[in-house]
Amino acid sequence: MKRWLSVGMALALIVFMALPAMAEPRLSVSGSYEVTGVASKGVGDQNVPQDESDNDEADFVHQRFRLQSKIKASDRVTGTLRFDFAEGNWGQDQSFQKYRAAYGNGDDLQVDRAYVTVNMDWVSINAGLQFFPIGQTQVFRDNQPGLQFMIKTGSPIGIHLGWIKVSESIGVGGYFGRENDDEDEYGDTDRWLGELSYTTDIFTAKAFYVRQTDDGSGEVTTWTYSTVNGPSSKTTTNVEDEPWVAGLYVKGDMGAFSYHGEFAQFGGEKGDTDYCGTQVNFNGQYALSDALTVGMDLFWSSAQDDDEIKITSMGDPFASYDIRNGGGFGWDMLTWAQTNAPVYISNATGTAPSNGPLGGDVFDPFNTGAGAIGFGPGVKYIAMDKLTLLGICHFMWADDDDLQDVTGEFEKGYNLILAAVYQLDSNAALHGIYQRVGADFKDGVDPDPSDTFGLMLRIAF
């Protein structure tokens, strides 16, 4: 049933695109195509420094074709659908014997967004599978089904509320029938968010809070069925997983100088273990001329205490402040100079080691719990109308590299990204990227640096 539903949705999108009504304002279609060649060396040693090996090269080609349609039901109601087609590595995820090549799962169409927007005088409501941004979209950035309310106050003050259904317990019992919400071990998981903002022409401030609630605790028995062995069960213990984050985000633009920064505090529990994490970052950029912009990125994050779990984000495991994507400059989003992104994306196929060349983010490099303090200078130079050159380098040191019951803690490291972006046409660009990551760890673990080269063609429709 799921397969035919996916096929039907894909056919519906194609039919929409072919209809003469496409020229009418009720339907609009946009999209992009990206294909990237990646060659990397030393990635495995950097990513798993406690287990150095010679199996650390990853050379491959990755692509994604994305389409988004907006269907206008009325002046106040709009539907949004976004699909990713043929996403994956050439020669690995592109099994054309199937009805379509899918990313990570050859039998499912990847539906990225599917929601409706109702825009009223005092509130705008989104319902369905959608994007949930908070702050600078680093500590929380989700893409799941739920509800969002953007309340219009008629003043510089804005109110953003949201509810996300992370997991539904009905039916998880498996082979022998459906479970119900009365059983504690099969509780639902939800996320709740609130954001209060104040915006002027040159300044924005946002205070936010996100909490996950998990009603499931106790032993969980999952049943499966085999035509050879018949029914079988597996019993695991489900513990309540309830992290939260609160923080403040600021952003300003004063002509030649622009800045943004964020403070975040994490808490909550996973079973009997507490979550922890305090972090702050500030990024400033100054345009020396129309062609030359320089910037500085500053950040600090606390190390974990004994018997605690350090976290630096909630929701989906990707963030605009991620060190893989150039930190807090945002230039990666502007130019798509994301060398590591294809390496990271390929994890589901097993081509690259977990988390790409550098695990974690600037707030907890390599996820060792040591935290970090550091800075990152950056420069952007428009060499000619069609050519932009970029350089970003983050230097970081552990907040505490002597943790209890932890081996091989992160001590210090750097992340260098150099990129050249050549505009082939108004909606097509070629990106050449080089990235070098180096890090030292406790207990005598000092792997060689990793080098990654990327060449990307990106076309926007």
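How many disulfides does the structure hold? The count is 0. Keep in mind, as you browse the close-ups below, that this is a predicted model.

**View 1. Two cysteines, Cys276 and Cys393, in a structure with 0 disulfides.** Let us start with the cysteines. Cys276 has a relative accessible area of 8%, and because buried means under 20%, this residue counts as buried. Cys393 is buried as well, at 12% relative accessibility.

**View 2. Strand β16 and its two faces.** Follow the side chains along residues 292-301 and you will see them alternate. Thr293, Gly295, Asp297, Phe299 and Ser301 point to one face, where they are buried. Leu292, Val294, Met296, Leu298 and Trp300 point to the other face and are not buried.

**View 3. β16 and its pairing with β15 and β19.** Strand β15, residues 278-287, pairs with β16 in the antiparallel sense, over 9 bridges. A hairpin of 4 residues joins β15 to β16. To find your way along this pairing, look for Gly284, whose bridge partner in β16 is Met296. β16 also pairs in the antiparallel sense with strand β19, residues 372-384, here over 10 bridges. A handy landmark for that pairing is Trp300, with Ile373 of β19 as its bridge partner.

**View 4. The aromatic pair of Tyr209 and Trp244.** A search of the whole structure gives 11 aromatic pairs, and this view shows the pair of Tyr209 and Trp244. Their ring centres are 6.2 Å apart and their planes meet at 35°, so the pair is tilted. Tyr209 belongs to strand β9 (residues 203-214) and Trp244 to strand β12 (residues 241-254), so the pair ties together parts that are 35 residues apart in sequence. Are these two residues buried or partly exposed? Tyr209 is partly exposed at 34% relative accessibility, and Trp244 is partly exposed at 22%.

**View 5. A second tilted pair, Tyr434 and Phe453.** Here the ring centres lie 5.0 Å apart and the planes are at 40°, so this pair is tilted too. Tyr434 sits in strand β22 (residues 428-441) and Phe453 in strand β23 (residues 450-460), and the pair links these distant parts of the chain, 19 residues apart. Phe453 is partly exposed, with 47% relative accessibility.

**View 6. Tyr33 and its surroundings.** Tyr33 is in strand β1, residues 27-41, and is buried with a relative accessible area of 18%. Ring pairs link Tyr33 with Phe65 and Phe461 into a cluster. The side chain of Tyr33 also makes a polar contact of 2.9 Å with the side chain of Gln63. These two residues are 30 residues apart in sequence, with their C-alpha atoms 7.5 Å apart in space. Beyond its neighbours within four places in sequence, Tyr33 is in contact with several other residues, including Arg64, Trp90, Leu457, Arg458 and Ile459.

**View 7. Lys206 in strand β9.** Lys206 is partly exposed, with a relative accessible area of 22%. Residues up to four places away in sequence aside, Lys206 touches Glu195, Leu196 and Ser197, together with Gly247, Leu248 and Tyr249. Look also for Ile157, which is 49 residues from Lys206 along the chain, with a C-alpha separation of 9.6 Å.

**View 8. Thr189 and its polar contact with Asp214.** Thr189 lies in strand β8, residues 189-199. Its relative accessible area is 10%, and Thr189 is buried. A polar contact of 3.4 Å joins the side chain of Thr189 to that of Asp214. Not counting neighbours within four places in sequence, the contacts of Thr189 include Ile164, Lys165, Val166 and Ser167, as well as Gln212 and Thr213.

**View 9. Two nonpolar cores.** The largest nonpolar core has 15 residues, and those with the most contacts inside it are Val139, Phe140, Leu193, Val210, Val245 and Phe266. β9, β12 and β13 (257-270) are the elements that give two or more residues to this core. Val245 is a good place to zoom in: leaving out residues up to four places away in sequence, its contacts include Val139, Phe208, Val210, Phe266 and Met314. A second, separate core of 14 residues includes Phe299, Met396, Leu403 and Ala439.

Conventions: Residues are numbered from 1 along each chain as its sequence is written. This is a predicted model: local features need pLDDT of at least 70, side-chain atom pairs count only at pLDDT 80 or more; totals for chains, interfaces and linings use all residues. Side-chain values use heavy atoms; hydrogens and water are left out. Buried means under 20% relative accessible area, exposed over 50%, partly exposed in between (1.4 Å probe, protein chains only). Two strands pair if DSSP finds at least two bridges between them. A disulfide is a pair of cysteine sulfur atoms within 2.5 Å. Rings of Phe, Tyr and Trp (its six-membered ring) pair if their centres lie within 6.5 Å; planes under 30 degrees apart count as stacked, over 60 as edge-to-face and the rest as tilted. Contact means heavy atoms within 4.5 Å. A nonpolar core is a set of buried Ala, Val, Leu, Ile, Met, Phe, Trp, Tyr and Cys residues joined through side-chain atoms within 4.5 Å. A polar contact is a pair of N or O atoms within 3.5 Å; within protein, one must be able to donate a hydrogen and the other to accept it, and residues adjacent in sequence count only if both atoms are side-chain atoms.
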